[in-house]
Amino acid sequence: MLNRRSIAVALIVLAAAACRLVPHVPNVTPIIAVGVFGGAYLRNTFWAFVVVFVSMFVSDLVLGLHSTMFFVYTSLFLAIFAGSIVKDKSGFLPLLTVTCASSTVFFVWTNFGVWLVEGLYPKTLSGLLLCYGAAIPFYVTQLIGDAFFISLLFAVFLVFEKLYFLQQPRYVMRNAS
């Protein structure tokens, strides 16, 4: 059963997923942030998957279904899993590591999917390398966007948890020495 804290996390995830529906810089969306945050803050991993996938799927229904959804959703699955690993860690370094790893996995896997199913590039090694090369500018903006949104979601919830629940936050950002 969901408690007040889990409902607050779910609402933050839904709001972040809804951000995909507003105009934005290409690849600067909270997809990875939603996964990492949901995995880190929803105590029950099952609910993390349900809330994150449902919110993403609803936004995909509005934006339009696409041929690379399998690759996006499996990347999202890994981001949720990474978030669930970092949920019991504190400090900046584990969150930074998960952010960079999740962004990189998303970039590599989804662009492989574009190469494999879209027909934009020849099905050769050079075609795959062309696909990755063309996507590098998007990776840079994605990494910046992921870092921004992950920081924002974690910070918003820390403030919310501190003010609303009047307790010590579970995930305390402190100097990673």
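**Packing around helix α2**

Helices α2 and α3 pack at an angle of about 160 degrees, and their axes lie 9 Å apart, in a model that is predicted. Because an angle over 145 degrees counts as roughly antiparallel, α2 and α3 are described as roughly antiparallel to each other. The crossing of these two helices, α2 and α3, is right-handed. On the side of α2 the contact is made by Ile-31, Val-34, Gly-35, Gly-38 and Gly-39, and on the side of α3 by Ala-48, Val-52, Ser-55 and Met-56. When these residues are sorted by class, the contact of α2 with α3 has 5 nonpolar and 4 polar residues, with no charged residues.

A second helix pair involves α2, which spans residues 31-41, and α4, which spans residues 69-86; their axes come within 6 Å and cross at roughly 40 degrees. Helices α2 and α4 are therefore oblique to each other, and their crossing is right-handed. In this contact Ile-31, Ile-32, Gly-35, Val-36, Gly-39 and Ala-40 of α2 meet Leu-76, Ala-79, Ile-80, Gly-83, Ser-84 and Val-86 of α4. The contact of α2 with α4 comprises, by class, 8 nonpolar and 4 polar residues, and no charged residues. Ile-31, Gly-35 and Gly-39 appear in the contact of α2 with α4, and these residues of α2 are also listed in its contact with α3.

The surroundings of α2 extend beyond these two partners. Helix α2 is mostly covered, since 11 of its 11 residues are buried. Among these buried residues are Ala-33, Val-34, Phe-37, Gly-38 and Tyr-41. The elements that cover the buried residues of α2 include α1, α3, α4, α5 and α6.

Several residues of α2 also take part in the nonpolar interior of the model. The largest nonpolar core has 38 residues, of which Val-36, Phe-37, Tyr-41 and Phe-154 touch the most other members. At least two residues of this core are supplied by each of α1 (4-18), α2, α3 (45-63), α4, α5 (92-117) and α6 (125-164). A second, separate core has 7 residues, including Phe-107, Cys-131, Tyr-132 and Ala-135. As general background, nonpolar side chains tend to be buried together in soluble globular proteins.

The loop between α1 and α2 was examined next. Asn-27 is found in this loop between α1 and α2, and its phi is near 70 degrees, a positive value in a residue other than glycine. With a relative accessible area of 32%, Asn-27 is partly exposed, because this value falls between the limits of 20% for buried and 50% for exposed residues. Val-28 lies in the loop between α1 and α2 as well. Although Val-28 and Asp-146 are 118 residues apart in sequence, they are 7.1 Å apart in space, C-alpha to C-alpha. When residues up to four places away in sequence are not counted, Val-28 touches Thr-141, Gly-145 and Phe-149.

Contacts of the loop and of α2 come together at Gln-142, which lies in helix α6. Gln-142 counts as buried, at 3% relative accessibility. With its neighbours within four places in sequence left aside, Gln-142 is in contact with Asn-27, Ile-32, Ser-103, Phe-106 and Phe-107. Of these contacts, Asn-27 belongs to the loop between α1 and α2, Ile-32 is one of the buried residues of α2, and Phe-107 is included in the second, separate core.

Notes: Residues numbered from 1 in each chain as written. Predicted model: local features only at pLDDT ≥ 70, side-chain atom pairs only at ≥ 80, totals over all residues. Heavy atoms only, no water. Axes fitted to C-alpha atoms, helices over the stretch in contact; angles between N-to-C directions. Helix = DSSP H or I, 4+ residues; strand = E, 2+ residues; numbered from the N terminus. Parallel < 35°, antiparallel > 145°, perpendicular 65-115°, else oblique. Left-handed = near helix turned anticlockwise from the far one by under 90°. Contact = heavy atoms within 4.5 Å. Nonpolar A, V, L, I, M, F, W, Y, C, P; charged D, E, K, R; others polar. Core = buried A, V, L, I, M, F, W, Y, C linked by side-chain atoms within 4.5 Å. Buried < 20%, exposed > 50% of the residue type's maximum accessible area, 1.4 Å probe, protein only.
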